[in-house]
Amino acid sequence: MYRIKTKNLFGKYLLTLAFVSIMSFLVGSISSASFAGAVKDSNSPFDVIFNSIRNLEEQNSILQNKVNALQTQVDKLNSEVNSLLPPPLLTNAVAITKGAGGDQSCVTTKNCFSPNVVNIATGDTVTWTNGDSVGHTVTSGNPSDLQSGAIFDSGLIKSGGMFSFTFQNPGTFNYFCVIHPWMTGTLTVK
Ligand SMILES: [Cu+2]
């Protein structure tokens, strides 16, 4: 009984040893195979990530090229628009048009004072220059207005002369020439 028991224990030991050895060998083989596969296989997690990054870089490059192309078109259109626009008006400079006192044709063309409507900001100064061969006035109000000249009045501006006035208050101001009352203009001060 005793010997048999010992023999059985020894047999169990051998079997366990064999089992552990085989399992170790199998696990080792599987691990090696998996590692080798990971390096060679193009669908490994690393390659998937690298490929995604590469694709994103390519897409980014394509989009950047499109953005650059659009920017070039926008620049070209801006340049075309700028070339079509008239030069900026000096809104604080008004010309008394040549011939404005001769006949009343400047009433129809609305340029006895040119421009005859001017928008400025509070505190701006407007300068009128007499480009006509005869004298004119720049007088606030309307010809029929009892308040004419109450805000500003140039008096006689000789040919080639100038008159300036600084607008300290907002409002809409009509003005005219007392010698040629058909000559009218408007100033809007904001
Ligand atoms: Cu006049």
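This passage introduces the overall layout of a predicted protein model and then turns to two places along its backbone.

The protein is built from 3 helices and 8 strands. Followed along the sequence, these elements come in the order α-α-β-α-β-β-β-β-β-β-β. Of its 190 residues, 14% count as buried. Contacts that span the sequence are also worth a look: among those between residues at least 6 apart, 63% join residues at least 24 apart.

A good place to begin a closer tour is Ser-114, which belongs to strand E2, spanning residues 113-114. Ser-114 is partly exposed because 18 other C-beta atoms lie within 10 Å, a count below the 20 at which a residue is called buried. Leaving aside residues up to four places away in sequence, Ser-114 touches Val-94, Ala-95 and Thr-97. For Thr-97, which is 17 residues away along the chain, the C-alpha atom is separated from that of Ser-114 by 6.6 Å.

The backbone just after this strand residue deserves attention too. The peptide bond leading from Ser-114 to Pro-115 is cis, with omega near -5°. Pro-115 itself sits in the loop that runs between E2 and strand E3 (117-120).

On the other side of E2, the loop between helix H3 (105-108) and this strand holds Lys-110. The phi angle of Lys-110 is near 55°, a positive value in a residue other than glycine. Lys-110 has 13 C-beta neighbours inside 10 Å and so counts as partly exposed. Some general background helps to place both backbone features: most residues other than glycine have a negative phi, and most peptide bonds are trans.

How values were computed
Residues numbered from 1 in each chain as written. Predicted model: local features only at pLDDT ≥ 70, side-chain atom pairs only at ≥ 80, totals over all residues. Helix = DSSP H or I, 4+ residues; strand = E, 2+ residues; numbered from the N terminus. Buried ≥ 20, exposed ≤ 12 C-beta atoms within 10 Å, placed from the backbone. Contact = placed C-beta atoms within 7 Å.
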